[in-house]
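Student: I should be grateful for a close look at a single part of this protein, namely one pair of packed helices and what surrounds that pair. Please set out the reasoning as well as the values.

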Amino acid sequence: MVPFNLPPLLWDFYSHSNWVELGKQQPHPHLLWPRLELWSLAQVGDPTCSDCEELSCPGNLLDSTLLTSGYFGMDPPKPPGKCSHGGYFDQSSSQPPRGGINKDSTSPRFSPHHTLHLPAAEVALLASIEAFSLLRSRLGDGGFSRLLDITPASSLSFVLDTTGSMGEEINAAKIQARRIMEQRQGGPMEPSFYVLVPFHDPGFGPVFTTSDPDSFWQKLNEIQALGGGDEPEMCLSALELALLHTPPLSDVFVFTDASPKDAFLTNRVESLSRERRCRVTFLVTEDPLRAQGRVRREALSPSRFEPYEAVALASGGEVIFTKDQHIQDVAAIVGESMAGGLVTLPLEPPISIPGETRVFAVDRLLRNVTVRVHGDISGFWIKSPAGVSQGPEEGIGPLGHTRRFGQFWTVAITDPPQTGSWEIQVAAEGRPRVRVHAQTSLDFLFHFGIPVEDGPHPGLYPLTQPVAGLQTQLLVEVTGLVSRQSPEAGRPHFSHVVLRRVPQGTHLGRVLLEPVGPPERGLLAASLPPTLLSGSAPFSLELLGQDGGGRDLRRTAPQPCSVAPVLLELSGPPGSLAPGSKVPLSLHVASFSGPQDLDLRTSVNPSFSLTSNLSRARLGLNESAWGRLWLEVPDSAAPNSVVMVTVTAVGQGASPGPPTHAFLRLLVLAQASQDQLETPAHSAGRVLPPATPTLLSSTLVTQGRAGGRVVGRAWWGTLGGALFLLGCSSW
């Protein structure tokens, strides 16, 4: 089986060269060291291969001790007597000498030396262990974990309103941060990165980032509620800045008592939160229906908090309204719900209606089931599958422990919870908010991709979300299968994925999941019919399956997704940025579903000079447009700072769809000397988020009210029954 996520260059060397054919069973001793030359290399005039007219070419290498590889394609042309890469996609393999020497797969159609695939993979695995061991020794355990995004709790991020009325909220944030740091210190969920962004009116920032919890705590203690006091505030600008510096799959807490002044950023922040796959939770100590309170310079709408609701929905988070005297307790409960291994259980129906019964399912793999209810609540009742009920009275009841803080209730169901269908009914004014979560090791990650049949490595070109008109594959990676403590009970499995409209819960379709490789890998794929991807409204993904005993299982993705109307790609330079430089960026926009009239708008954070030669694109079906952007990095740009370039495609016409956003993160680095490259660096200064790509350009696709993961110029594919990634750019 091919090693999972091997460093691409190492895999290419052992798969594409004749190192294994020379009888070598250990990694090349000089490959990882830049100053050491490779020896015994075949020169241009040295013949290396004989002609082979079959798909399988085990004996086509000439007797030689020289190290060589194969030519691919027709540019440059293959010299006489030289080996080809070989396989179905290599045009040079039809030119004498025919055949090839690649060992990429076990199929002779793609790999003429397919019989040596496993030996090459074994040497590549040893080389990967050697490379990772070297990185770990240079970076230390913490830096190594951040580089590979091993740490599950990647960040603790706070966005704080610092106006004069925010004293209680700031104290709650401090207590909550200290509690999380103490509870998770030394454990697998200990944050490896901390982000703090203050805001008020008219300003926000600066952002403070560190990997040192003591430095973060010291900075947080310096935050005081000073001045201001009027509404609205620059909340979304601060949140956007925090998301820019927050690693993927993190939690972001926003503490405020005001509505956003910068509501025009709502769509962009929604997209950014989904692209980062960060969950945003707003703790608001302002009743949206309350008229008194802060000084206001203008009449404010009762719906002024809707931007927070939109961002929370897009990110899989929530908005919690509470009062000053309860903010510390509520923040503590919300913080507890961010622990690792927690999943949100879907409710039927998804939209809460006062007095209507809603249902959630509990399976035998769930523990620590907790129900949270808040709003203008007059009462609620929870009923178990056995018909036992419990109301809102505080204390320990027949089903679990109920706590109340103002209009915020939490019910911790006694373990082990009874399996089956549970019911909850809420009596309230307005729309009550209900959320059920539980702890489990069984969950899933998902990715979208476009099937690619040409090129050296057929597979999936990854996207952050589906694109209208393109045949899209869904790739699912089930997590927690190896942690099942009783193998004799059987392995849980998922068989179908259900798409539902968000937030209505309307059933859009049910698609079969096909296993990819051995079942214990937990890799599944599905082809999404174009009819399911025709609308721009968000949808959720829900996996259906069975546990080892044949009982039903359901798991729901925490964030909704949607379909981008156009493909929007933004790519940067092959290396990092340098102060005082001017770098070109490439922009590509394409339509695969029909005519599009688009305005293309650009922005950059921080406010560097950015120009573009493409501001409007009128596209027909299957038409594309390319543009060039120029980013000027001033001499004053701080080394190790992150720059985010955003391009937004806004549809014109009578009924334009939601905007499409492309995000590109770049890193400003001072030029490093050769001595710096050879010496382990242990900087005590500003720490960058995990997995920052300083050497790879990124191609990002995302859309307003759409989600997905950051992707680079990469290929997903399967060889030997395992998933692998060629080229990666995770941040």
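Tutor: A definition is needed at the outset: a crossing of two helices is left-handed if the near helix is turned anticlockwise from the far one by less than a right angle, and right-handed if clockwise. The model is a predicted one, and the pair chosen here is H5 with H6.

By that definition, H5 and H6 cross in a left-handed manner. Helix H5 covers residues 235–245 and helix H6 covers residues 266–276; their axes are 10 Å apart and make an angle of about 25°. Angles under 35 degrees count as roughly parallel, and H5 is therefore roughly parallel to H6. Two quantities are given here because a pair of packed helices is described by the angle between the axes together with the distance between them.

The contact itself can be listed by residue. From H5 come Leu 236, Leu 239, Glu 240, Leu 243 and Leu 244, and these meet Thr 266, Arg 268, Val 269, Leu 272, Ser 273 and Arg 276 of H6. Sorted by class, the residues of this contact comprise six nonpolar, two polar and three charged. The spacing of such positions has a general background: an α-helix has 3.6 residues a turn, so residues three or four places apart point the same way.

Next comes the burial of each helix, for which buried means under 20% relative accessible area. In H5, 11 of the 11 residues are buried, so H5 is largely enclosed by the rest of the structure. The buried residues of H5 include the contact residues Leu 236, Leu 239, Glu 240, Leu 243 and Leu 244, and also Cys 235 and His 245. For H6, 10 of the 11 residues are buried, so this helix too is largely enclosed by the rest of the structure. The buried residues of H6 include Thr 266, Val 269, Leu 272, Ser 273 and Arg 276, with Asn 267 and Glu 270 also among them.

Beyond the end of H6 the chain continues with Arg 277, which has a positive phi, near 55°. A further link to this region is made by Ser 315, a residue of helix H7, which spans residues 306–315. Apart from neighbours within four places in sequence, Ser 315 is in contact with Ser 273, Cys 278, Arg 279, Val 280 and Gln 559. Ser 273 thus appears both in the contact of H6 with H5 and in the list for Ser 315. Ser 315 has a relative accessible area of 1% and is buried.

A second helix pair offers a comparison. Helix H3 (residues 167–184) and helix H8 (residues 327–336) have axes 9 Å apart and pack at an angle of about 35°. Their crossing is right-handed, whereas that of H5 and H6 is left-handed. The residues that make the contact include Ala 172, Ile 175 and Arg 179 of H3, and Ile 327, Ala 331 and Gly 335 of H8. By class, the contact of H3 with H8 has five nonpolar, four polar and four charged residues.

Finally, the setting of the pair within the chain may be given. The protein chain contains nine helices and 36 strands, and 53% of its 731 residues count as buried. Among contacts with a separation of 6 or more, 71% join residues 24 or more positions apart.

Definitions and conventions. Residues numbered from 1 in each chain as written. Predicted model: local features only at pLDDT ≥ 70, side-chain atom pairs only at ≥ 80, totals over all residues. Heavy atoms only, no water. Axes fitted to C-alpha atoms, helices over the stretch in contact; angles between N-to-C directions. Helix = DSSP H or I, 4+ residues; strand = E, 2+ residues; numbered from the N terminus. Parallel < 35°, antiparallel > 145°, perpendicular 65-115°, else oblique. Contact = heavy atoms within 4.5 Å. Nonpolar A, V, L, I, M, F, W, Y, C, P; charged D, E, K, R; others polar. Buried < 20%, exposed > 50% of the residue type's maximum accessible area, 1.4 Å probe, protein only.
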